[in-house]
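Here is a short briefing on one protein structure. Keep the view open while you read, and find each residue as it is named.

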Amino acid sequence: MKKYILFFVSALLIDIIISNLVFKNTKYWKNSAWEKKWWRVSSSIYHHDILPNIDQIEIWGEKIKQRLITNSIGFRDKEIRKISKINPDNKRILLIGDSFIEGSGLNYKDTLAGQLESYLGSEFEILNSAVGSYSPSIYYKKIKYYIDEGYKFDQALVFLDVSDIYDEMFIKFNEQGNILTYEETKERPFYKKVFYSAGRLLRDNSTVFRFLYILSDRSELIKNYIKLKIKASKELKKSFFETKRDDVMFYRMTHIDRGFWTFNDKKFNEIQEGLSQSEKYLIKLFELLKKNEINSTLIVYPWPTQILYGDEYHEKYWKFFSEQYEINFLSIYDKFKSKDKKDFIFKNFIYGDIHWNLSGTKIVNEAILSSVNF
């Protein structure tokens with residue numbers, strides 16, 4: 001047994017030495033999917049954020065590369081630039097939202113912020129505070145932070161995503177009223193920390209372990225695709241082999257669990273806590289905006305799921321909410337209607353995903369320009 005252990009340890013050491021001296025210096029070693037996105041950080045006040053003044057090529061999803069640039073306050077922007085607390089020369093438009101508004105999978109000029117900036121011209125300054133996985137309590141905490149810091153805004157567009165209500169159920173607060181970070185709410189036992197740290201260490205320094213990780217990742221992708229294909233074939237009443245890639249990707253785009261609550265009574269009942277907390281922090285947010293004389297609009301839009309199956313709760317609920325609290329309200333649901341739903345979804349959303357592509361973002365941009373008084 002000792003001989004086997006000694007052999008294993010010796011082989012591993014030789015592997016690590018050769019990997020670091022030879023293979024790490026080749027382009028084949030790099031794996032962007034494993035690289036830590038150090039620019040995406042925790043926030044002790046509002047959960048998470050993006051670092052200021054960064055310019056990075058970021059892998060989004062499985063293959064898409066997007067260029068992510070932030071300004072001096074960490075908002076996504078067209079270039080690294082200094083943001084003053086007051087801009088007397090331009091009307092300042094603040095965008096508040098999650099990954100849709102951050103512009104997942106798109107370069108800045110193609111995002112909603114980039115398109116609005118292009119259409120509105122130099123008299124307006126667009127500031128995009130949105131970050132993926134944000135929800136109403138984070139919207140409120142983040143905007144309050146910047147207003148308390150002395151930043152002035154003229155108008156705010158608040159985009160309420162279908163997933164926000166689900167995400168809000170997992171937001172927790174500390175004694176100071178700040179939002180606990182993911183690390184604070186998902187504390188792992190010590191042995192798990194050691195296990196995962198050792199795994200990453202071996203993956204990043206051993207050719208053998210790196211190969212095993214790549215094999216595991218590829219196997220997982222294939223396994224997940226096969227699972228989706230089985231579900232899609234059942235949904236479409238086709239045989240497994242008759243089900244094409246487009247069928248699988250369409251099923252994936254329209255069957256995200258977090259989107260089911262808007263038309264399924266059982267799922268709707270399950271998200272009542274998130275709905276209540278979302279309402280609470282949206283009230284606080286719009287009161288904050290009103291107090292600081294910032295004109296505001298609450299905007300809702302559908303996922304591919306709602307386009308396909310309809311929406312009994314999201315749009316109606318927030319329309320009534322807006323009327324009740326005298327908030328300007330804009331629904332973009334009508335702009336996402338089509339007789340050929342499958343074709344429309346493929347044309348306006350990233351293939352295999354729920355986020356808008358360039359064409360879908362243009363629909364939102366045009367709806368806002370025609371409905372909001374700037």
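**Charges over rings**

Lys229 lies over the face of Phe240, 4.6 Å from the centre of the ring. This is a predicted model. A second charge is placed in a similar setting: the charged end of Arg203 sits over the ring of Tyr213, at 5.8 Å from the ring centre. The points below turn to aromatic pairs and then to a pocket.

**Aromatic pairs**

- Across the whole structure, a search finds 25 aromatic pairs.
- One of them joins Tyr46 and Tyr145, with ring centres 6.1 Å apart.
- The planes of Tyr46 and Tyr145 meet at 55°, so this pair is tilted; a tilted pair is neither under 30 degrees, which is stacked, nor over 60, which is edge-to-face.
- The pair links distant parts of the chain, as Tyr46 and Tyr145 are 99 residues apart.
- Tyr46 lies in the loop between strand 1 (40–43) and strand 2 (47–50).
- Tyr145 belongs to helix 4, which covers residues 136–148.
- Tyr166 and Phe170 make another tilted pair, at 5.3 Å centre to centre and with 50° between the planes.

**Aromatic cluster**

- Five residues form one aromatic cluster: Tyr46, Phe75, Tyr145, Tyr146 and Tyr151.
- Both Tyr46 and Tyr145 are therefore members of this cluster as well as partners in a tilted pair.

**Buried or partly exposed**

- Tyr46 has a relative accessible area of 5%, so this residue is buried; the cut-off for buried is under 20%.
- Tyr145, its partner, is partly exposed, with a relative accessible area of 30%.
- Tyr166 counts as partly exposed, at 31% relative accessibility.
- Phe170 has a relative accessible area of 48%, so Phe170 is partly exposed; exposed would need over 50%.

**The second largest pocket**

- The volume of the second largest pocket is about 1300 Å³.
- Its lining is made up of 35 residues.
- Nearest the centre of this pocket lie Gly61, Glu62, Lys63, Leu221 and Arg252.
- Four elements give two or more residues to the lining: strand 3 (55–60), strand 4 (64–69), helix 8 (207–236) and helix 9 (245–254).
- Which element gives the most to the lining of the second largest pocket? Helix 8 does, with 12 residues.
- By class, the lining holds 16 nonpolar, seven polar and 12 charged residues.

Notes:
Residues numbered from 1 in each chain as written. Predicted model: local features only at pLDDT ≥ 70, side-chain atom pairs only at ≥ 80, totals over all residues. Heavy atoms only, no water. Phe/Tyr/Trp six-rings, centres within 6.5 Å; stacked < 30°, edge-to-face > 60°. Buried < 20%, exposed > 50% of the residue type's maximum accessible area, 1.4 Å probe, protein only. Lys NZ or Arg CZ within 6 Å of the ring centre and 35° of its normal. 1 Å grid on protein atoms, 1.4 Å probe; cavity = no way out; pocket = protein on both sides within 12 Å on 5 of 7 lines; lining within 4 Å. Points joined across faces, edges and corners; volume = space filled by probe spheres on them. Nonpolar A, V, L, I, M, F, W, Y, C, P; charged D, E, K, R; others polar.
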